[in-house]
Amino acid sequence: MSLTVHPGPGPRGTVTPPGDKSITHRALLLGLISGESVRVVGGNPGADCAATRSCAEALGATARFEDGAWHMLGGTLREPAGPLDCGNSGTTLRLLAGVLAGQPFRSQLFGDASLLRRPVDRVIAPLRLMGATLTASAGDRLPPLSITGAKLRGIEYQLPVASAQVASCLLFAGMFAEGRTCVRVPGPARDHTERMLRAAGVVLEWEDLAGGAREVAVVGPCRAHGLEVAVPGDFSSAAFFLAAAAATPGARVRASSVGLNPSRTGLLDVLEAMGAEVERGALREAAGEPVGGVTVTGPDRLRPFDIPAGWLPRLIDEVPAWAIAATAASGTSRLSGAGELRVKESDRLELIASNLLRLGIVARAAGDTLEISGGRPEGG
């Protein structure tokens with residue numbers, strides 16, 4: 001079976017992406033632990049967030065869909081009847097590990113074949129320091145992850161690398177711990193958990209440091225109160241349409257009601273640096289998150305651009321979308337420091353390069369670097 005695609009006119013119009021996955025995960029977990037109702041409006045409908053919701057129900061939360069929203073009610077967690085299936089969602093596994101570390105029972109987290117290849121040692125080490133017992137396969141590196149919860153103690157912990165998932169795991173654990181849990185994030189990383197916890201009344205100490213680093217602390221034990229989370233549109237989903245507009249002269253695409261958290265929108269800065277016109281609309285706030293519209297217009301000629309290493313954490317999930325724009329630039333564009341993309345659900349760097357090569361575009365993935373030589377494909 002083959003599929004032939006013929007060029008069409010440049011994209012024009014408005015797209016409203018589905019709800020943000022990262023924010024939906026956190027809202028569902030908030031519903032699990034808060035003890036008050038959490039209403040999740042516009043949550044992401046995909047399998048990853050469904051896995052988080054299913055795990056929350058297995059731990060005693062009730063979840064009902066009514067009036068176009070998920071209503072989550074948890075509070076006191078119960079020991080699950082069996083292992084908790086996180087599907088393909090690393091976010092589910094790593095964030096839930098922090099919640100379960102502070103519970104008085106045993107649990108196990110597993111997932112599909114892809115998830116079982118993704119590392120968990122970064123959450124095991126600090127949670128052990130807090131007092132929980134955790135074991136995993138392959139020398140405590142890979143799932144399944146078994147957790148024996150305990151009465152946790154607060155710690156001060158410097159993350160080896162900037163990771164929103166590990167920081168979130170420790171903040172959730174810190175809510176069940178005695179004393180102050182302080183997490184130092186050494187560089188830029190998403191801050192969705194911090195924003196949502198604050199919106200739910202959790203007192204956080206938060207200090208922004210040089211180079212995009214931050215220090216966040218919570219004093220436990222503490223509880224979040226219920227709230228309504230209006231989930232903004234997923235920027236990562238909108239990114240492909242925005243990149244396609246940037247790659248096509250005269251194209252113009254608007255993403256409406258999309259999350260514009262600055263820890264996620266590095267792609268917009270890259271597209272501007274490549275010569276695309278980017279218009280950011282008026283912002284409003286929903287559960288601590290900035291939400292608005294953004295419009296990208298494609299220039300007559302897109303410039304190649306080497307992404308500074310410091311920018312990469314703010315577009316780590318948008319690298320495949322950036323690759324679309326890079327193929328249209330007149331020259332070679334590069335990024336480096338993207339080794340994390342080799343241990344996602346697939347080796348994203350290698351797959352991007354190999355698929356572009358199949359289309360006649362010169363691309364090379366080596367180590368943590370990706371290079372794309374744009375322009376007209378060979379034979380195109």
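How many cavities of 30 Å³ or more does a search of the whole structure find? In this predicted model, the search finds two, and each can be described through the residues that surround it.

The largest cavity holds about 40 Å³ of space, and its lining draws on residues spread along the chain as numbered, namely Asp-20, Ile-23, His-192, Phe-235, Gly-259, Leu-260, Asn-261, Arg-264 and Glu-289. By character, this lining divides into three nonpolar, three polar and three charged residues.

The second largest cavity, with a volume of about 30 Å³, is lined by Thr-24, Leu-28, Val-40, Gly-43, Asn-44, Cys-49, Arg-53 and Trp-70. Helix H1 (21–34) and helix H2 (47–58) each supply at least two residues of this lining, in which four residues are nonpolar, three are polar and one is charged.

From the cavities we turn to a sheet. Four strands form an open sheet in the order E5-E6-E8-E7, and their pairing is mixed; strand E5 (84–85) and strand E7 (133–136) are the edge strands, each pairing on one side only. Helix H4 (residues 121–130) packs on this sheet, where it touches E7 and E8, and the direction of helix H4 makes about 160° with that of E7.

Within the sheet, strand E6 (residues 106–110) and strand E8 (residues 142–148) pair in the antiparallel sense over four bridges, and Arg-106 has Thr-148 in E8 as its bridge partner. Strands of a sheet pair through backbone hydrogen bonds, in either a parallel or an antiparallel arrangement.

Technical notes. Residues are numbered from 1 along each chain as its sequence is written. This is a predicted model: local features need pLDDT of at least 70, side-chain atom pairs count only at pLDDT 80 or more; totals for chains, interfaces and linings use all residues. Side-chain values use heavy atoms; hydrogens and water are left out. Two strands pair if DSSP finds at least two bridges between them. Contact means heavy atoms within 4.5 Å. Axes are lines fitted to C-alpha atoms, for helices over the stretch in contact, and angles run from 0 to 180 degrees between N-to-C directions. On a 1 Å grid over the protein atoms alone, a cavity is a set of points where a 1.4 Å probe fits but cannot get out, and a pocket is an open set with protein on both sides within 12 Å along at least five of seven lines; lining residues have an atom within 4 Å of a point. Grid points are joined across faces, edges and corners, and a volume is the space filled by probe spheres set on the points. Ala, Val, Leu, Ile, Met, Phe, Trp, Tyr, Cys and Pro count as nonpolar, Asp, Glu, Lys and Arg as charged, and the others, Gly among them, as polar.
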